[in-house]
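Morning, everyone. I have one structure to go through today, and I will take it feature by feature. Please have a look at it first.

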Amino acid sequence: MTYRAPTFLSDDTFLMVNLHENAIDFIRIGAGHSSNDTQYCHLIGKLRLPTLRRGSSLTSASCSTDPLHGIPGSFQEAQRRCCPIRCKPEKAIIQFCVYAREVGLETNDDLKLFAFIARRSDLLKIVEDRFREGGEVVPILWDEWGRDSTRWSESEETETAWAADVAGQRQAFARTGPSQVHLRDFNPATIAKAADGLLPQTSVLHSESTHTSHQNCFQEDITSSLAFVETRSAEQVDYDSIFLDEERVVGLTVSHRLRFFSFANENRDSRIMLG
């Protein structure tokens, strides 16, 4: 199958990972003339992912993000409904996970997992500024958009990508075995506070570029620089998986015990505390 991970950006626009072309395709849902008309989809734009090595390929992909709750589109001006998630849906982050087969492998026994974060608002801005309906779709190369608009997991973090979760503008994960819980906040307001020294020392700003190993799948190491503020738990935990909302990180273990980490709001201390 060519496409994986369909994910809505707005009421009339969604994206899918194009495995065959190593790209993210953007699809617009056309407005029908009446409620009974069939609404057809058409391709409006394409973002290239980092170039793969000859002989390697993408085999699967998935996306995690908040539901829309009615982001207005061109044919549906929906009023925003109240919801328990405080982050506006158009500002939520999207976590992409892609599996790649490295050069020389014929089976899926040893696929490499890559994960990266992008802001829904950044992708919507690219749709607004760069894509035009009705004309030829010219792909935007990775170097033109990806380095500044994404943050890829570093090599030692990729094994945890399957267990990470996102909510609003935050991502949480813990590495395999006893380790700290990492909470990453991609909210520009939080980043600005960290840059001005207004957050506790336990909240660390990461604005420098990082380099994710190509793992014999991509032509070169992947450089990304989307800024975030990271807070880590004081104690180490051993969880099989993690999920979260805007207030809690929930860790699951094979013993079926639940451990809750509560996060204070942005007007108070943002340390991670065991609840």
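I start with a cavity. The largest share of the lining of the second largest cavity comes from β7, with 3 residues. Before going on, I should say that this is a predicted model.

The volume of that second largest cavity is about 50 Å³. The strands that each supply at least two residues of its lining are β7 (112–119), β8 (150–152) and β10 (170–174). Among the lining residues are Ala-115, Phe-116 and Ile-117, along with Arg-151, Trp-152 and Ser-153. Gln-95, Gln-171, Phe-173, Arg-184 and Phe-186 are also in the lining. Sorted by class, the lining has 6 nonpolar, 3 polar and 2 charged residues. How many cavities of 30 Å³ or more does the structure hold? The count is 3.

Now the largest pocket. Its space comes to about 350 Å³. It is lined by 19 residues, and those closest to its centre are Leu-49, Pro-50, Thr-51, Leu-52 and Trp-142. Two elements, α2 and β14, give two or more residues to this lining. Which of the elements gives the most to the lining of the largest pocket? That is α2, with 3 residues. By class, the lining of the largest pocket has 8 nonpolar, 5 polar and 6 charged residues.

Next, the charged pairs. There are 15 salt bridges in the structure. I will go through three of them and one network.

In the first pair, Arg-184, which I named earlier in the cavity lining, meets Glu-230 in a salt bridge at 2.8 Å, N to O. Arg-184 sits in strand β11 (residues 181–185) and Glu-230 in strand β15 (residues 228–232), so this salt bridge ties together parts that are 46 residues apart in sequence. Are these two side chains buried or exposed? Arg-184 is buried, with a relative accessible area of 7%. Glu-230 is buried too, with a relative accessible area of 3%.

The second pair is Arg-147 with Glu-220, where the closest N and O atoms are 3.9 Å apart. For anyone checking the cut-off, a salt bridge here needs the nitrogen within 4 Å of a carboxyl oxygen. This pair links distant parts of the chain, 73 residues apart: Arg-147 is in helix α2 (residues 142–149), and Glu-220 is in the loop between β13 (210–212) and β14 (222–224). Arg-147 is partly exposed, at a relative accessible area of 28%.

The third pair is Arg-248 with Asp-245, a salt bridge at 2.6 Å, N to O. Arg-248 counts as partly exposed, at 40% relative accessibility. Asp-245 is partly exposed as well, with a relative accessible area of 29%. As for the network, Glu-21, Asp-25, Lys-46 and Arg-48 are joined into one by salt bridges that share partners.

On to the cysteines. How many disulfides does the count come to? It comes to 0 disulfides. Why is there no bond between Cys-63 and Cys-97? The closest cysteine sulfur to that of Cys-63 is in Cys-97, and at 8.2 Å it is too far for a bond. The cut-off for a disulfide is 2.5 Å between the sulfur atoms. Cys-97, in turn, is in no disulfide, its nearest cysteine sulfur being that of Cys-63. As for exposure, Cys-63 counts as partly exposed at 21% relative accessibility, whereas Cys-97 counts as buried at 6%.

Then helix α1, which runs over residues 120–130. Its buried residues include Arg-120, Leu-123, Leu-124, Ile-126 and Val-127. These cover an arc of only 155° around the axis, so they are on the same side of α1. In general, an α-helix has 3.6 residues a turn, so residues three or four places apart point the same way. On the face of α1 turned away from the buried side are the exposed residues Lys-125 and Glu-128.

One last residue: Leu-15, in strand β2 (residues 13–18). Leu-15 counts as buried, at 0% relative accessibility. Between Leu-15 and Gly-45 the sequence separation is 30 residues, and their C-alpha atoms are 9.4 Å apart in space.

That is the end of my list, and I can take questions now.

Note on methods: Residues are numbered from 1 along each chain as its sequence is written. This is a predicted model: local features need pLDDT of at least 70, side-chain atom pairs count only at pLDDT 80 or more; totals for chains, interfaces and linings use all residues. Side-chain values use heavy atoms; hydrogens and water are left out. A salt bridge is a side-chain nitrogen of Lys or Arg within 4 Å of a carboxyl oxygen of Asp or Glu. Helices (H or I, at least four residues) and strands (E, at least two) are DSSP runs, numbered from the N terminus. Buried means under 20% relative accessible area, exposed over 50%, partly exposed in between (1.4 Å probe, protein chains only). On a 1 Å grid over the protein atoms alone, a cavity is a set of points where a 1.4 Å probe fits but cannot get out, and a pocket is an open set with protein on both sides within 12 Å along at least five of seven lines; lining residues have an atom within 4 Å of a point. Grid points are joined across faces, edges and corners, and a volume is the space filled by probe spheres set on the points. Ala, Val, Leu, Ile, Met, Phe, Trp, Tyr, Cys and Pro count as nonpolar, Asp, Glu, Lys and Arg as charged, and the others, Gly among them, as polar. The arc is that of the directions from the helix axis to the C-beta atoms.
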